[in-house]
Each structure stands twice: as structure tokens, then as C-alpha cells.
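Me: Hi! I have a structure open and would like to talk through its packing and pairings. Could you help me go over it?

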Amino acid sequence: MDDQLEPFQLKRKVTPGLIDVHPTECAIIVNYSVQATILGDNGQPVVGDKKAAQKIIRVKALHENSDLATLAQEVVSKCKLIHPSKTKDIEQLLYYLQQRQAETGSDSWMRKQFDDGRRQETPNPSMISAEMSNIEEYIEGLYEEIPDKIKSTRMILQLARIPENMESLMKNDSLISALSRVIREDGKKSMELVTNIIYIFFCFSNFSQFHPIITQNKIGDMCIKITDQEITRFNLWEKDLRSLELKCTQQKESVKELEQEIKKFQAMIQKQDQLLFVSFHLLLNIAEDLNIETKMLKRGIIEYLITMLDRTTPELLILVITFLKKLSIVRENKDKLVKYSDELIPKLSKLLQSEHLGIQNLSLRLLLNLSHDTKFRMELIKADFLPKLAESLHNKNHLLLNLQLLYMLSIDESSKPYFLSQEIIPMVTKMILEYKSEKVNIELMSLAINISLNPKNAEAMCENQGLKYLMKRTLKTRDPLMFKLIRNLACIEKISIKMMFLDYIDDLMHILFKYQSSPDITVEILGILSSLTIPDFDFAKLAATYNLLEFTFARLSASISASASAISQRAGMNADDEQGQKVGGIAEDDDVTLEIICLLGTMSNDENIPPMILKMNLIPVLMELMIAKEEDDEIILQIIYTMYQLLLHESTRNVLLSKTDVVSYFIDLLYDRNIEIRKMCDVCLDIIAEIDEEWVKKIRLQKFRWHNAEWLQIMSQQNESGQNHEGFEESTVLYAKTRMVNPDRYVEDSESESEDERHGSMIGGTSALLDGP
């Protein structure tokens with residue numbers, strides 16, 4: 001700006017403000033302030049004024065499939081009041097408008113209802129155009145008779161629907177108090193009057209800054225009361241109509257009267273739906289405050305909303321379901337909705353048959369929210385909901401929501417068998433095979449993986465060459481989720497299905513070694529191979545052809561090294577603040593390690609594999625791994641199972657018993673907190689004990705020493721110090737003498753005594769024999 005200023009120069013400054021959506025239209029409101037200052041001849045401000053203003057950007061091109069990012073850039077480029085840094089904010093506002101437009105359509109419907117009512121009352125709408133300058137006249141009309149009150153509220157409503165007028169209206173205390181008084185005193189006298197007043201406050205409720213005034217005047221409380229009143233009124237209307245229908249069956253001359261009453265009933269319902277719509281919409285807006293929402297719940301808002309699901313007005317239904325969906329996010333509200341599942345599920349089931357896409361969409365979303373509750377999922381299954389969802393899979397409009405809901409229902413083991421009888425499995429398999437993209441939609445794959453965990457469902461997937469086509473797609477796309485599905489199918493116990501996998505062994509092995517750097521694929525392929533428990537399958541040939549045992553040795557050794565490195569590193573870092581605490585060695589590839597051990601256990605069924613294991617010196621590696629992964633129950637369990645398989649073969653059994661401390665490990669783990677580990681150790685000890693009597697005595701002695709380790713330590717310390725047993729109770733000494741005299745007798749006695757109090761359920765005998773984990 002030039003240093004020399006002309007006298008009385010005008011300086012104008014525009015400051016952008018808050019950007020928000022229009023409360024009723026598909027538009028964005030840009031708030032800004034204009035500051036005008038007149039500068040004197042010395043450049044100092046002489047007089048100035050600041051005025052707040054708004055710019056409304058109507059987005060006419062917005063629809064369901066709009067590219068919001070491009071549209072947001074267009075809005076920013078055309079409006080100088082919006083800085084380019086606000087592009088993401090504009091995109092969010094457009095998304096909100098898109099959702100509001102798709103889900104509710106509330107504004108257009110309410111405006112249409114209001115305008116229709118106005119045209120019916122006065123032929124010339126221009127005669128009743130409202131002006132802000134006449135606001136005092138409208139307030140005076142609120143103190144007249146009902147017709148004048150209706151006319152005045154209609155004028156005020158016209159003003160309230162214009163965002164620029166809202167602040168002035170809310171600051172008018174006389175207006176707000178008069179409207180509050182009228183709705184309290186005359187709420188039961190005229191439905192149109194109360195609808196107009198609630199609609200006025202609904203317009204205010206679209207802006208959070210006006211919520212305190214609405215709450216202060218107890219408008220939310222009045223909405224609850226009006227809702228209860230209208231539901232009672234509807235029940236009386238319905239009862240009278242049923243009585244008249246019964247009368248018509250007896251007196252045919254009453255048919256005309258019935259027809260008139262039905263028309264009157266329908267007209268009243270239409271007006272009542274308008275009133276209920278604005279009431280619930282206002283409550284939904286002010287429910288942003290969780291404290292207010294809690295008060296609504298205490299007043300029975302959930303019961304009212306569920307009752308409204310019987311209505312037929314699409315806009316009201318959409319609003320009610322939206323409200324329920326919002327409430328269902330909170331656990332306490334969800335639990336309360338689940339209690340009404342007997343009433344809620346049939347109503348939502350009926351709404352899913354609606355031709356209105358918005359109602360279908362929101363009903364599915366509400367069901368999806370509630371399906372996170374186990375009890376509600378069981379209720380859906382009992383209500384025979386699966387066939388309806390199966391039919392909906394043909395409808396592409398809500399395919400994703402249907403898949404998500406089916407996935408939730410497939411979580412529970414008790415629900416999986418129901419999928420077999422509803423033709424869902426062939427449809428899911430077909431959708432996977434016909435999917436156009438390389439990677440199948442994650443919702444579809446998650447559903448398929450879940451239902452394939454049931455053996456009968458998995459068998460159904462393999463029928464009609466299903467396994468062949470699924471395997472072909474898997475080998476082509478290399479999708480980890482497809483490999484996971486194939487792994488579930490490989491777990492089927494039917495030998496005929498397992499035999500089908502033999503045609504793909506070579507392909508799987510090539511992918512295994514090619515994608516070693518991809519743990520997701522490696523884990524699943526190893527899982528598939530370890531599931532192939534086929535009699536007489538030549539694992540030795542497979543291992544020799546692809547150097548499988550060398551691969552196993554390398555991966556297990558790497559896992560041990562990684563665990564040791566992690567332990568030393570973490571111990572060094574946390575030496576000061578983790579004194580005396582044990583740090584577990586958890587490597588990144590533990591999943592791969594676990595599957596390799598499982599595969600080794602399966603391969604050990606082949607009598608030619610144990611000699612190869614000895615040659616590769618894998619037994620010491622397994623023993624080291626057992627120590628390194630002592631905190632990982634799954635890995636320990638699978639190592640013990642592999643040891644169990646190796647104990648069945650003489651060559652490896654001799655090495656295990658003569659060159660390792662495996663018996664000591666088994667005895668120590670007999671009292672592990674994991675019951676499966678305890679069972680597996682007991683089985684292994686039974687096998688060892690059957691070899692010869694010497695091992696029986698050794699095992700008994702080891703069990704005795706472990707069981708009495710604390711007592712033996714005390715006795716040893718006292719013997720070294722030359723103390724006697726005077727410090728012990730007589731019963732303790734007697735116990736010690738009887739058990740110390742003959743360890744064998746202790747073992748025999750312990751088999752008849754319960755150890756539940758000290759070590760949990762006692763394990764022993766061949767009854768614990770397992771076929772494998």
C-alpha cells in the first residue's frame with residue numbers, strides 16, 4: 001500500500017470463518033466477517049464497522065456416485081473465501097451431505113408436507129410470505145385463539161427455515177418463551193400447531209450452539225411427552241377402527257361409514273407421522289450430548305422407536321432406524337436393544353423386504369451393529385434370518401452389508417452348520433470363482449474362511465469340482481486368504497478329499513520356496529502340507545526331492561538364534577527396571593516356526609523320516625527350541641507331539657532317551673498350567689514306561705522328587721546343619737518317613753490320592769492317549 005494515503009480512504013478486510021453444512025438444503029455455508037474502516041489523512045482509522053455474513057454454496061451436482069475429492073476441489077477453486085488447505089474439510093462436509101441425502105431425504109419431505117398444507121389452506125401462497133420486520137406481530141398472534149396461533153407459528157417457521165434468521169430468532173426471548181408456553185398449554189388441542197412449533201425448534205437444533213436454549217426450555221421433554229401422547233392416540237384410533245370393521249361384518253349398511261373412517265384414519269396418520277418425524281429428528285439432534293441421550297433412555301426412547309418401526313412412511317422409518325443405529329453404538333444401549341430382540345427382529349425382517357433402498361440399507365446397518373452381541377446372533381439364527389440374507393446376496397445394492405452380516409453370524413461354532421442348508425455355500429463359492437479382481441473382496445473371503453471351518457461346510461465347498469477350481473484360482477492369484485481357505489479344506493478328515501491335494505503338491509512346494517519372504521503365504525502352505533495325514537504318503541520322497549528337512553533345520557535354527565538375540569537385547573535394555581524378571585524370546589516368524597513343527601510331526605508318521613531326522617541332527621534343535629520358546633504354549637505342545645511321534649520309532653526313541661533330558665522335561669511339564677501339554681507329556685511318559693522296568697522306576701523317582709522338591713530341600717538343609725525335626729509337626733514327619741522309605745510306594749499312593757488342591761486335575765494312565773493335537 002502507498003505511504004501517502006488520500007483523505008478518508010476506505011479499507012475493507014474480509015476474514016473467513018466457520019464452514020458448515022446447510023441445515024435443510026444440499027449446500028455448504030461459509031461464514032465470514034467484513035470489516036470496513038475509514039482511514040484519516042494520517043492513515044489512522046477514523047470510523048469502522050464489522051459485520052458477519054454468510055455465503056451459501058449450493059451443491060446441485062451431488063449424488064450417490066459423486067467423486068467427492070474432485071467436487072471438493074471444484075468448490076474450493078470457485079469460492080475465494082475457502083483456502084485450499086480446507087479442501088479435505090470440504091470433502092468431509094460433502095460426504096456428510098451425500099449421506100444425509102441418501103439416507104434421510106428428511107428436508108425435502110418435510111418441506112413438501114409443509115408447503116402442501118399451506119397451499120391447501122390458502123390458494124395464494126404469496127399472501128402469507130413471512131418477514132422478519134413483522135416478528136412482533138407474529139409473537140402477538142401466539143396469545144390469540146388456536147387458528148391465529150397456527151397462522152403465527154407458520155410464519156415463524158418460514159423465518160426459521162432461513163439460516164440467516166436463526167440467530168436473531170433465538171436471541172428473541174419473548175418469542176422462545178411464547179413458543180414454549182403454547183406447546184405446553186395447547187399441545188393437545190391442535191396437531192398442526194404443535195407440529196409447527198416442534199418444526200421451528202427442529203430448525204434450531206441443526207446447530208449445536210442452539211442446543212442449550214432448546215434444553216433450557218425443556219423442548220426435548222415435551223417431544224417425549226408428545227410422542228407418548230400420539231402413540232396412545234394411535235392405539236385408540238386403531239381400536240375404534242377394528243370395532244367398526246367388526247360391526248360391518250354384522251351390518252352391511254355400515255360399509256360406507258367404514259370407508260369414510262379409513263380415509264379419515266389415513267389422513268390423521270399422515271399428519272401424525274409429520275409430527276413424530278420432527279419430534280424424533282429434534283431428539284436425534286440434541287442427543288449429541290451423551291447426558292441428554294442418557295435422560296432419553298430413562299424416559300423409554302428405545303421402546304418408542306421400536307414401536308415406530310410398524311409405520312409405513314419411508315422418511316419416518318429412515319429417521320427411526322438411524323436413531324436406533326446411533327444408540328446401538330453404545331454397549332449399554334445395545335444390551336437394551338438385544339432384550340427387545342423378539343420384537344425388533346421380526347420388524348427389521350419385514351423392513352428388509354421394503355422396496356425403499358434407504359430403509360433396506362439402514363436396517364442392515366442396524367443389524368450389523370447389534371450382531372456384535374453373541375445373544376443377538378443366536379436370536380437371528382433362531383428367527384430363521386439366514387434365508388433372507390441368502391436371498392439378498394443376489395441384490396448388488398447391499399451386497400457388502402449382507403456379506404458383513406453373514407460373516408458376523410458365521411463367527412459362532414453353533415451357527416456354522418445352518419449355512420449348509422441355506423444354499424449359501426454354493427453361492428459364496430461361485431462368487432469367489434467369478435470375482436473379477438485378482439484379490440477377492442476381504443468380506444467375502446472372511447465369510448468363506450469362517451464357514452469352511454465346519455467339516456460338512458468344507459465338504460460342500462469341494463463338491464462339483466469346487467476344490468479343483470478354488471485351487472486353480474489360488475495358484476494363479478497367490479492370494480494369502482485363498483491359501484487360508486484351501487488350508488481349511490485340507491483339514492477335512494475324508495481321505496478322498498485329502499487325496500485330491502496330491503495333484504497340487506509340486507505347485508505348492510514351488511510356491512513355498514519362491515515366497516519364503518512372505519510369511520502369510522508360507523504359513524498357509526506349511527499348514528496345508530501338515531494337514532495331509534494320508535496313509536502311506538511318501539513324505540520321505542517329498543523331503544528328499546525338495547530338501548524339506550534342510551529347510552526345516554535352517555528355519556528352526558534361525559528361530560532359536562532370533563529368540564536368543566531378542567532375550568539378550570531386551571535383557572540389556574531393561575536390566576535396571578526388570579530385575580530378576582524373565583524375558584520371553586518371541587521372534588517375528590513364530591507362526592512359521594509353529595507350522596514347521598506341525599509339519600515335522602505329520603511327516604514323522606512316515607517310518608522313513610526318523611532316520612533322516614537323525615541324519616539332519618534335528619532332535620537337539622527341537623530340544624533347544626523347547627527351551628527358547630518355553631513361554632509359547634502352542635509351540636511347546638507341538639514339539640511334544642513331534643517327540644511323541646519320534647518315540648514311536650526305535651531309532652529316534654533310543655537317541656531321545658539316551659542322549660537328551662527329554663524325560664526330565666516331560667516330568668516338569670506334567671504340572672504345566674496348560675492341560676493339553678500335561679496330557680501330551682503323560683502320554684509320552686506312558687510310552688517310555690512301556691519299554692522296560694528300569695524306566696518305570698526312574699519315572700517314578702523323578703515324579704517323587706518333583707512332587708516333594710520343597711520338602712526335600714528343607715530336609716537337606718537341616719541335615720547339613722545337623723538340626724533335628726523338632727520344628728515340624730508330627731504329621732509332617734510321619735508323612736516324610738512313609739514317603740522317604742519307599743519312593744515306589746509313594747507313586748502308588750499318589751495314584752489314589754487327589755492332587756486337585758495343589759496341581760489341578762491328576763493326569764495319568766493310558767486313558768489320556770491322544771491321536772495328536
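Reply: Happy to! One term before we start: a residue is buried under 20% relative accessible area, exposed over 50%, and partly exposed in between. Also keep in mind that this is a predicted model.

Me: Good. So is Glu192 buried or exposed, or something in between?

Reply: Glu192 has 31% relative accessibility, so it counts as partly exposed.

Me: And what does Glu192 form a salt bridge with?

Reply: With Arg154, and the closest N and O atoms are 2.0 Å apart. Glu192 sits in helix 8 (residues 191–205) and Arg154 in helix 5 (residues 146–160), so this pair ties together parts that are 38 residues apart in sequence. Arg154 counts as buried because its relative accessibility is 6%.

Me: How many salt bridges are there by the count?

Reply: The count is 24 salt bridges. One of them joins Arg181 and Glu185, with the closest N and O atoms 3.1 Å apart.

Me: Where do Arg181 and Glu185 lie?

Reply: Both are in helix 7 (residues 173–186), and because they are four residues apart, about one helical turn separates them. Arg181 counts as buried, at 18% relative accessibility.

Me: Remind me, why do residues three or four places apart in an α-helix point the same way?

Reply: Because an α-helix has 3.6 residues a turn.

Me: Helix 10 next. Which residue does Glu230 form a salt bridge with?

Reply: Arg233, the closest N and O atoms being 3.4 Å apart. The two are three residues apart in helix 10 (residues 219–250), so they too are separated by about one helical turn. Glu230 is buried, with a relative accessible area of 1%, while Arg233 is partly exposed at 22%.

Me: Which residues do salt bridges with shared partners join into one network?

Reply: Lys484, Arg487, Glu524 and Glu595 are joined that way.

Me: Arg487 is in helix 25, right? How many of that helix's residues are buried?

Reply: Arg487 is indeed listed among the buried residues of helix 25. Eight of the 11 residues of helix 25 (residues 480–490) are buried, so the helix is largely enclosed by the rest of the structure. Besides Arg487, the buried residues include Met482, Phe483, Leu485 and Ile486.

Me: What caps the N-terminal end of helix 25?

Reply: Asp479 does, through a side-chain oxygen that lies 3.1 Å from the backbone nitrogen of Leu481.

Me: Changing topic: which residues touch the most other members of the largest nonpolar core?

Reply: That core has 205 residues, and those touching the most other members are Phe204, Phe280, Ile301, Ile432, Phe501, Ile640 and Phe666. Helix 11 gives the most to this core, with 12 residues. Another core, of 19 residues, lies apart from it, and Leu62, Leu68, Ile90 and Leu93 are among its members.

Me: What is Ile301 in contact with, sequence neighbours within four places aside?

Reply: Ile224, Phe280, Leu283, Met296, Phe323 and Leu327.

Me: Back to helix 11. Is Asn285 buried or exposed?

Reply: Asn285, in helix 11 (residues 255–286), is buried, with a relative accessible area of 12%. A polar contact of 2.9 Å connects its side chain with that of Ser205. Beyond its neighbours within four places in sequence, Asn285 is in contact with Phe202, Ser205, Asn206 and His211.

Me: How many aromatic pairs does the structure hold?

Reply: Nine. Phe207 and Phe210 make an edge-to-face pair, 6.0 Å centre to centre with 65 degrees between the planes, and both residues are buried. Trp237 and Phe265 are also edge-to-face, because their planes are at 85 degrees, with ring centres 6.5 Å apart. This pair links distant parts of the chain, with Trp237 in helix 10 and Phe265 in helix 11, 28 residues apart.

Me: Which residues form one aromatic cluster with Phe207 and Phe210?

Reply: Phe201 and Phe204 form one cluster with them.

Me: Last one: how many disulfides are counted?

Reply: Zero. For Cys681, the nearest cysteine sulfur is that of Cys684, 6.4 Å away, which is too far for a bond. Cys681 counts as buried at 0% relative accessibility, and Cys684 is buried with a relative accessible area of 0%.

Conventions. Residues numbered from 1 in each chain as written. Predicted model: local features only at pLDDT ≥ 70, side-chain atom pairs only at ≥ 80, totals over all residues. Heavy atoms only, no water. Buried < 20%, exposed > 50% of the residue type's maximum accessible area, 1.4 Å probe, protein only. Polar contact = N/O pair within 3.5 Å; in protein donor to acceptor, adjacent residues only side chain to side chain. Contact = heavy atoms within 4.5 Å. Core = buried A, V, L, I, M, F, W, Y, C linked by side-chain atoms within 4.5 Å. Salt bridge = Lys/Arg side-chain N within 4 Å of Asp/Glu carboxyl O. Disulfide = S-S within 2.5 Å. Phe/Tyr/Trp six-rings, centres within 6.5 Å; stacked < 30°, edge-to-face > 60°.
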